[in-house]
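Hi,

Here is the structure I promised to pass on. Have it open while you read, and my notes follow underneath.

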Amino acid sequence: DTSTVCHSDAYFYLAIIGLHIDEPGLTIECLSNIEDLSRYGEDIYWYQALAFVKMAIKNPLVHDKAVRAVERVISNTEIPERRQQAEKMLQQLNN
């Protein structure tokens, strides 16, 4: 179904835009509306973790969610640079 693919693509790119305009809540909301998660692979985990980290900076109540999201990236990514960056984010969250 091409409409599902188009909707998922739109939500995915809106999620990325949400990060760029410093609206991590929008990012989380858009990612949660993607129906075809397997199409985006580990990118979903990555952008979700970035959004939760941004949220945790402003709201300490989100800290635990951010830690779990970053740990999920570390355990699921196959991209070494992404793993290294996630490990640095995790260290910063735990300091």
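Let me start with E35, which touches T4 and S8 once residues up to four places away in sequence are left out. Before going further, please keep in mind that this is a predicted model.

E35 sits in the loop between α2 and α3. With a relative accessible area of 62%, E35 is exposed; the cut-off for that is over 50%. If you want another way to place E35, look at Y11: the two are 24 residues apart along the chain, and their C-alpha atoms are separated by 9.5 Å.

The partner I'd look at next is S8, which belongs to helix α1. Is S8 buried or exposed? Its relative accessibility is just 1%, so S8 counts as buried. A polar atom of the S8 side chain lies 3.4 Å from the backbone nitrogen of E35. So here we have a buried serine whose side chain is paired with the backbone of an exposed residue. Again setting aside residues up to four places away in sequence, S8 touches I34, E35, D36 and Y40.

Staying with α1, which covers residues 2-20, you'll find I16 there too. I16 is buried, at 17% relative accessible area; the limit for calling a residue buried is under 20%. I16 and C30 are 14 residues apart along the chain, with 9.0 Å between their C-alpha atoms.

Then comes the loop between α1 and α2, where D22 lies. Take a look at the backbone here: phi of D22 is near 60°, a positive value in a residue other than glycine. D22 counts as partly exposed, with 35% relative accessibility.

Now for how the helices pack, going along the chain.

α2 and α3

Helix α2 spans residues 24-32 and helix α3 residues 43-58; their axes are 8 Å apart and the packing angle is about 150°. That angle is over 145°, so the two are roughly antiparallel to each other. The crossing of α2 past α3 is left-handed. On the α2 side, the residues involved are P24, G25, T27, I28 and L31, and they meet I44, Y47, Q48, A51, F52, K54 and M55 of α3. Sorted by class, that contact has eight nonpolar, three polar and one charged residues.

α3 and α4

How do the axes of α3 and α4 cross? They do so at roughly 155° and come within 8 Å, and α3 and α4 are therefore roughly antiparallel to each other. This crossing is left-handed. From α3, the contact uses Y45, W46, Q48, A49, F52, V53 and A56; from α4, it uses H63, K65, A66, A69, V70, R72, V73 and N76. The class count is 10 nonpolar, three polar and two charged residues. If you're colouring residues by hand, Q48 and F52 of α3 are worth marking, since they appear in the contact with α2 and also in the contact with α4.

α4 and α5

For α4 and α5, the axes come within 9 Å, with a crossing at roughly 155°. Those two helices are therefore roughly antiparallel to each other, and their crossing is left-handed. H63, A66, V67, V70, E71, V73 and I74 are the α4 residues here, and they meet R83, A86, E87, M89, L90, L93 and N94 in α5. By class, the residues divide into nine nonpolar, two polar and three charged. Among the α4 residues, H63, A66, V70 and V73 meet α5 and also meet α3.

The last stop is T77, in the loop between α4 (63-76) and α5 (80-94). Although T77 is in a loop, T77 is buried, at 4% relative accessible area. A polar atom of its side chain is 3.1 Å from the backbone nitrogen of I79. Which residues does T77 contact, leaving aside neighbours within four places in sequence? They are E42, R82 and R83. R83 is also one of the α5 residues that meet α4.

If you compare the two loop residues with side-by-side views, E35 is the exposed one, at 62%, and T77 the buried one, at 4%.

Cheers

Technical notes
Residues are numbered from 1 along each chain as its sequence is written. This is a predicted model: local features need pLDDT of at least 70, side-chain atom pairs count only at pLDDT 80 or more; totals for chains, interfaces and linings use all residues. Side-chain values use heavy atoms; hydrogens and water are left out. Axes are lines fitted to C-alpha atoms, for helices over the stretch in contact, and angles run from 0 to 180 degrees between N-to-C directions. Helices (H or I, at least four residues) and strands (E, at least two) are DSSP runs, numbered from the N terminus. Angles under 35 degrees count as roughly parallel, over 145 as roughly antiparallel, 65 to 115 as roughly perpendicular and the rest as oblique. A crossing is left-handed if the near helix is turned anticlockwise from the far one by less than a right angle, and right-handed if clockwise. Contact means heavy atoms within 4.5 Å. Ala, Val, Leu, Ile, Met, Phe, Trp, Tyr, Cys and Pro count as nonpolar, Asp, Glu, Lys and Arg as charged, and the others, Gly among them, as polar. Buried means under 20% relative accessible area, exposed over 50%, partly exposed in between (1.4 Å probe, protein chains only). A polar contact is a pair of N or O atoms within 3.5 Å; within protein, one must be able to donate a hydrogen and the other to accept it, and residues adjacent in sequence count only if both atoms are side-chain atoms.
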